[in-house]
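Please work through the following exercises with the sequence and the model side by side, and try each task before reading its solution.

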Amino acid sequence: MKRRQFLAAGAALSTLIAKPNWLLALDADNRYRNEIGIQLYTLRNEIGKDVAGTLKAVADAGYKQVEPYGFPGADAMIREAKANGMTVNSSHCNTDSILHPERNGVQPFDALLEKANKHGLTHLVVPYLSGDMRDSLDKYKMVADRCNEAAEKAAGAGVQLAYHNHAFEFKPFEGGKTGYDVFKERFSDQMKFEIDVFWVAVAGVDPAKLIGDLSGRVTQLHLKDLDASVETPAYDGISKDAFKELGNGVIDMQPILAAAEKAGVAHCHVEQDHSPHPLDSIRESIGYLGKL
């Protein structure tokens with residue numbers, strides 16, 4: 001080996017030795033950054049005014065996939081995303097057919113699955129629980145059981161069902177048990193989690209550790225950052241100013257992405273619930289990811 005080659009090899013080895021394990025894992029596979037998605041709820045106001053122009057701006061910013069909201073009423077978002085070369089693997093969906101199938105006029109969940117297959121979706125996500133569905137541990141048990149039933153149907157149709165968290169699921173009831181504890185215990189093997197790292201941090205929980213604890217059960221992540229001024233845990237709502245672009249808050253994304261890789265997470269989506277200038281925010285966030 002020539003001296004120059006020897007020195008280069010030695011420098012590379014020193015770099016590897018100096019890096020922590022989570023950074024080595026990130027270096028080994030950057031597919032989350034290379035295939036980064038955006039949860040389109042971030043741009044709901046812009047989409048309401050101009051679907052085609054907004055989705056083109058998302059593609060121009062460098063996003064490779066999108067996760068719509070309001071499925072099955074997401075046709076325009078899906079159409080424009082694909083027209084701009086982005087994939088659509090997942091969508092947040094209307095939950096009435098899952099959580100309230102007994103109500104009059106509710107579209108059967110089988111119809112949602114049929115439409116998901118038509119659009120080529122592989123994931124559907126329960127995005128939120130209304131207050132009356134989360135005011136006791138028994139309500140959380142009922143939600144888990146109905147999700148399990150829907151997840152079994154979804155699996156039969158080749159679609160993965162998952163649950164997207166906020167902070168309220170981590171609020172302790174009497175005895176210290178939380179709704180999220182119920183989900184971890186009660187969700188079947190076919191029912192998975194979509195972890196929103198922002199809301200996990202707001203609840204005072206370490207997102208990377210939670211991803212690791214649920215290894216094999218987390219299908220997707222929402223990546224968003226939390227302002228340093230927020231006191232955690234906070235379970236019942238926070239200021240719009242708490243939502244920051246990636247890199248402008250206190251949540252370290254590198255160990256989260258490394259934990260995602262180790263846990264078998266399929267997709268990661270940037271999201272920012274509130275911003276005075278959402279398009280500028282999503283450009284800043286993807287720029288931050290590119291510099292990791």
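## Exercise 1: a residue in an edge strand

H92 lies in strand β3, and the model in which it is examined here is a predicted one.

**Task.** Determine whether H92 is buried or exposed, and list which residues it touches beyond its sequence neighbourhood.

**Solution.** The relative accessibility of H92 is 6%, and since the cut-off for a buried residue is under 20%, H92 counts as buried. When residues up to four places away in sequence are not counted, H92 touches Q39, E67, P68, Y69, G70, F71, V125, P127, H164, E194 and H222. One of these, V125, is also the bridge partner of H92 in β4.

## Exercise 2: the sheet around β3 and β4

**Task.** Work out in which order the strands of the open sheet are arranged, and which strands stand at its edges.

**Solution.** The open sheet is formed by 8 strands with parallel pairing, and their order is β2-β1-β10-β7-β6-β5-β4-β3. The edges are taken by β2 (65-67) and β3 (90-92), each of which has a single partner strand, so one side of each is left without a neighbour in the sheet. On average, and with direction ignored, neighbouring strands of this sheet are turned by 30° against each other.

The next step is the pairing at the β3 edge. There, β3 and β4 (residues 123-126) run parallel and are joined by 3 bridges, and S90 has H123 as its bridge partner in β4. On to the next pair, β4 and β5 (residues 160-164) are linked in the parallel sense over 4 bridges, with L124 standing opposite L161 in β5.

The last step concerns the two faces of β4, both of which are covered: H123 and V125 on one side, and L124 and V126 on the other, are all buried.

## Exercise 3: a helix on the sheet

**Task.** Identify which strands helix α13 touches where it packs on the sheet, and decide whether its residue E261 is buried, partly exposed or exposed.

**Solution.** Helix α13 (residues 253-263) packs on the sheet by touching β7 (218-223) and β10 (267-270), and the direction of α13 makes about 165° with that of β7. E261 is found in this helix, and with a relative accessible area of 25% E261 is partly exposed. As a distance to check in the viewer, the C-alpha atoms of E261 and N148 are separated by 25 Å, the two residues being 113 residues apart along the chain.

## Exercise 4: two partners of helix α5

**Task.** Characterise how α5 packs against α6 and against α14, giving the angle and the distance between the axes in each case.

**Solution.** Two packed helices are described by the angle between their axes and the distance between the axes. For α5 (residues 51-61) and α6 (residues 75-83), the axes come within 9 Å and cross at roughly 45°; the two helices are therefore oblique to each other, and α5 passes α6 in a right-handed crossing. The contact is made by V51, A52 and L55 of α5 together with A76, M77, E80 and A81 of α6, a set that divides into 6 nonpolar, no polar and 1 charged.

For α5 and α14 (residues 278-291), the packing angle is about 20° and the axes are 10 Å apart, which makes α5 roughly parallel to α14. This crossing, too, is right-handed. Its contact is made by A57, V58 and A61 of α5 and by L279, I282, R283 and I286 of α14, and by class these residues are 6 nonpolar, no polar and 1 charged.

Returning to α6, its buried residues are M77, I78, E80 and A81, and they pack against α4 (44-49), α5, β2 and α8 (109-119).

## Exercise 5: backbone exceptions

**Task.** Locate where the cis peptide bonds from F71 and from T232 lie, and state what sign phi has at G85.

**Solution.** Most residues other than glycine have a negative phi, and most peptide bonds are trans. The peptide bond from F71 to P72 is cis, with omega near 20°, and P72 has its place in the loop between β2 and α6. T232 and P233 are likewise joined by a cis peptide bond, with omega about 0°, and P233 lies in the loop between β8 (225-226) and β9 (243-244). Finally, G85, which follows α6, has a positive phi, near 80°.

Methods
Residues are numbered from 1 along each chain as its sequence is written. This is a predicted model: local features need pLDDT of at least 70, side-chain atom pairs count only at pLDDT 80 or more; totals for chains, interfaces and linings use all residues. Side-chain values use heavy atoms; hydrogens and water are left out. Two strands pair if DSSP finds at least two bridges between them. Axes are lines fitted to C-alpha atoms, for helices over the stretch in contact, and angles run from 0 to 180 degrees between N-to-C directions. Contact means heavy atoms within 4.5 Å. Angles under 35 degrees count as roughly parallel, over 145 as roughly antiparallel, 65 to 115 as roughly perpendicular and the rest as oblique. A crossing is left-handed if the near helix is turned anticlockwise from the far one by less than a right angle, and right-handed if clockwise. Ala, Val, Leu, Ile, Met, Phe, Trp, Tyr, Cys and Pro count as nonpolar, Asp, Glu, Lys and Arg as charged, and the others, Gly among them, as polar. Buried means under 20% relative accessible area, exposed over 50%, partly exposed in between (1.4 Å probe, protein chains only).
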